[in-house]
Amino acid sequence: SAASDVYKRQTQSTGAVSSYGNETSTTGTVRLLMDLRNDISGKHVLIIEDVIDSGLTLKYLLNLLSNRSPASLNVCVLLRKINPDVQITAKYIGFEISKDKFVVGYGLDFAERLRHLPYVGILK
């Protein structure tokens with residue numbers, strides 16, 4: 001079937017970037033912690049991101065990956081902070097939150113802590 005053909009051609013690759021360190025706001029420097037293992041040239045690429053905050057990390061990643069000639073490059077994000085200064089387009093958005101909130105839980109951490117929480121909560 002056509003659906004199973006699409007599934008067979010689908011691949012995934014994981015990379016890691018960081019701009020927070022142990023802070024609740026960006027350090028201003030993006031670090032590439034782990035690069036992709038697969039060639040993305042000519043492929044349709046979907047970046048899965050947890051939070052769009054300052055946009056610094058995602059801007060870096062979009063620039064890095066667009067230079068590798070993908071057929072398309074889109075973004076899916078769980079949480080987008082509402083900030084008119086951030087000009088990054090996400091094709092798929094889970095939720096929007098206030099730009100002054102820092103969230104933890106459900107995989108989101110603060111200084112490598114609190115990611116184990118079974119919900120997303122605001123750090124106070």
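Partly exposed residues are those with a relative accessible area between the buried range, under 20%, and the exposed range, over 50%. The close-ups below are taken from a predicted model.

**View A. Arg 80 and Glu 96 form a salt bridge between two strands.** The side chains of these two residues meet at 2.1 Å, N to O. Arg 80 belongs to strand 4 and Glu 96 to strand 5 (residues 92–98), so their contact ties together parts that are 16 residues apart in sequence. Arg 80 has a relative accessibility of 23% and therefore counts as partly exposed. Glu 96 is also partly exposed, with a relative accessible area of 44%.

**View B. Lys 81 and Asp 53 are joined by a salt bridge.** The N to O distance between the two side chains is 3.3 Å. Lys 81 sits in strand 4 (residues 72–82), while Asp 53 is found in the loop between strand 3 (44–52) and helix 2 (56–66); the pair therefore ties together parts that are 28 residues apart in sequence. Both partners fall under the 20% limit for buried residues. The relative accessible area is 5% for Lys 81 and 15% for Asp 53.

**View C. Arg 115 and Glu 112 take part in a salt-bridge network.** Between the side chains of Arg 115 and Glu 112, the N to O distance is 3.0 Å. Asp 109 belongs to the network as well, which is held together by salt bridges that share partners. Glu 112 is exposed, with a relative accessible area of 60%. Arg 115, at 35% relative accessibility, counts as partly exposed.

**View D. Four residues make a nonpolar patch on the surface.** Leu 78, Phe 95, Tyr 106 and Val 120 contribute to this patch, and its area is about 410 Å². One of the four, Leu 78, lies in strand 4. Leu 78 counts as partly exposed, at 30% relative accessibility.

**View E. Strand 4 carries residues from several of the views above.** How many salt bridges does a search of the whole structure find? The search finds five, among them the contact of Lys 81 with Asp 53 and that of Arg 80 with Glu 96. Lys 81 and Arg 80 both lie in strand 4, as does Leu 78 of the nonpolar patch. Of these strand 4 residues, Lys 81 is buried, whereas Arg 80 and Leu 78 are partly exposed.

Technical notes: Residues are numbered from 1 along each chain as its sequence is written. This is a predicted model: local features need pLDDT of at least 70, side-chain atom pairs count only at pLDDT 80 or more; totals for chains, interfaces and linings use all residues. Side-chain values use heavy atoms; hydrogens and water are left out. Buried means under 20% relative accessible area, exposed over 50%, partly exposed in between (1.4 Å probe, protein chains only). Patches are made of residues with over 30% relative accessible area and no salt bridge: like charges are joined within 9 Å, nonpolar side chains (Val, Leu, Ile, Met, Phe, Trp, Tyr) within 5 Å. Accessible areas come from the Shrake-Rupley method with a 1.4 Å probe; for residues, only the protein chains shown count as cover.
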